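Student: Got a minute to walk through a structure with me? I'd like to begin with a helix, so remind me of the basics before we get to specifics.

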Amino acid sequence: MRASLLPPHLTGTSFTYREALRHGTPRNRLYARDLEITTNGFRRPTEGQLRPADELRGLADLRPQDTFARFSAALLQGVPLPCRHEALWPACLSSPPGIAPPRRRRVVGLTLDLADDEVRYLDGLRITTAARTWPDLARDLSVEELVIAGDHLVCAHPQGFPNPRLPWTTPAALGAMLARHPRARGVVAARQAWGLIRVGSDSPRETKLRLALTAAGLPEPELNVMLRGEFGQPVLWPDGAYRNHRISLQYDGEPHATARQHRRDIDRAAVTEALGWTEVRLGAADLHGNPPRAALRVRQALVRAGWRP
């Protein structure tokens, strides 16, 4: 027998058992195969990919006084995490002082000392701010992983870029949060990572590329560089650049198999050359090796352009 329809506002999101009953949903409907009991008192659809906020919304209704923190807060803010931490469950919930942390299946209960300015609402969920979330990850992430997370949170592109982007927070705010919590677990790694965070990196592999180049003793590429045409109009936006040597770095994260994309790559390289720049196009394979092949290729381009170690 086909399961009866749920109330419209419970479709495509998670919800609590009590809320469903309150809106007239039959009890037996809440045990149908198209619903999953992720934790007690909680239901979510078994089919379809939910947004992180919709995935956790029912849990927020169960614990309205709690704050999503650490990996839950990071994922809600789109932070790229290593595969061992990229799942939404178990969810991380911090309870205020005087309230016992949650003891539920697939929920990690925390008791963090959160100031008022370290909490915000996102899509109706109470979460730690980006500035607070980032140092809270330091106890579990490596320095490189922290830089990747920090680059995501501070990434900004000015007007004139194809996709202008506002940051979640700023490097200054991250530094201030480290100063506010000088004895937090992982603070030493966080301080090291903070000095390596830069504004303008769009992806984890772009961050890895920048770190690999500097680790190999090469100059750090500049981000958010805009190449302009004859009349000052924006023409190209490389992933990284050595402005003094007129070298642009282009990172292709996915294999470019289509003829259309291949044509675009050729056109972009031709435009770069016409502007008097040299394009170094790099891919995932160039990040392998010790030193990685990317460092060798960029070093060759820099030397040809007159750079000396």
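Tutor: Sure, one definition before anything else: the expected span of a helix is 1.5 Å times one less than its number of residues. Keep in mind too that this is a predicted model.

Student: Okay, how does that work out for α10, and which residues is it made of?

Tutor: Helix α10 covers residues 293-304, which is 12 residues, so it should span 16 Å. Its end C-alpha atoms are 17 Å apart, and that agrees.

Student: Which residues of α10 are buried?

Tutor: A294, A295, V298, A301 and L302 are. They sit on the same side of α10, because the arc they cover around the axis is only 130 degrees.

Student: And what covers them?

Tutor: The cover for the buried residues of α10 includes the helix α8 (204-215), along with β11 (240-242), β12 (247-252) and β13 (278-283).

Student: What comes after α10, and what's its phi like?

Tutor: G306 follows α10, and its phi is positive, near 105 degrees.

Student: Speaking of positive phi, which residues other than glycine have it?

Tutor: R70 is one of them, with phi of about 45 degrees. R106 is another, with phi near 65 degrees.

Student: Where do R70 and R106 sit?

Tutor: R70 is in helix α3, while R106 is in the loop between β5 and β6.

Student: Buried or exposed, for R70?

Tutor: R70 has a relative accessible area of 14%, so it is buried, the cut-off being under 20%. R106 has 33% relative accessibility, so it counts as partly exposed.

Student: Switching to backbone oddities: which peptide bonds are cis?

Tutor: The bond from W89 to P90 is one, with omega near 5 degrees. Another joins N290 and P291, where omega is about 0 degrees.

Student: Where are the prolines, P90 and P291?

Tutor: P90 is in the loop between α3 and β5. P291 is in the loop between β13 and α10, so to speak on the way into the helix we began with.

Student: What about H85, where is that?

Tutor: H85 lies in the loop between α3 (70-76) and β5 (91-94). With a relative accessible area of 18%, H85 is buried.

Student: What does H85 touch?

Tutor: Not counting residues up to four places away in sequence, H85 touches F71, L75, D140 and L141. There's also a polar contact of 3.4 Å between the side chains of H85 and R84.

Student: How about D117, which loop holds it?

Tutor: D117 is in the loop between β6 (107-110) and β7 (119-122). Leaving aside neighbours within four places in sequence, D117 is in contact with T129 and R180.

Student: What kind of contact does D117 make with R180?

Tutor: A polar contact, side chain to side chain, at 2.9 Å.

Student: Now for empty space. How many cavities of 30 Å³ or more turn up?

Tutor: Two, from a search of the whole structure. The largest cavity has a volume of about 60 Å³.

Student: What lines that largest cavity?

Tutor: E206, L209, R210, P221, L223, D239, G240 and L249 line it. Helix α8 gives the most to that lining, with three residues.

Student: How far is L209 from D117?

Tutor: Their C-alpha atoms are separated by 34 Å, and D117 and L209 are 92 residues apart along the chain.

Student: And the largest pocket, what's its volume?

Tutor: About 360 Å³. The lining of the largest pocket has 18 residues, and F161, P162, D202, W237 and D239 lie nearest its centre. β12 and α9 (259-274) each supply at least two residues of that lining.

Student: Last one, zooming out: how many helices and strands are in the chain?

Tutor: The chain has 10 helices and 13 strands. Its C-alpha atoms fill a box of roughly 75 × 50 × 40 Å, taken along the principal axes.

Student: What share of the chain is buried?

Tutor: Buried residues make up 46% of the 309 residues. As for contacts with a separation of 6 or more, 57% are between residues 24 or more positions apart.

Notes
Residues numbered from 1 in each chain as written. Predicted model: local features only at pLDDT ≥ 70, side-chain atom pairs only at ≥ 80, totals over all residues. Heavy atoms only, no water. Helix = DSSP H or I, 4+ residues; strand = E, 2+ residues; numbered from the N terminus. Buried < 20%, exposed > 50% of the residue type's maximum accessible area, 1.4 Å probe, protein only. Polar contact = N/O pair within 3.5 Å; in protein donor to acceptor, adjacent residues only side chain to side chain. Contact = heavy atoms within 4.5 Å. Arc of directions from axis to C-beta. 1 Å grid on protein atoms, 1.4 Å probe; cavity = no way out; pocket = protein on both sides within 12 Å on 5 of 7 lines; lining within 4 Å. Points joined across faces, edges and corners; volume = space filled by probe spheres on them.
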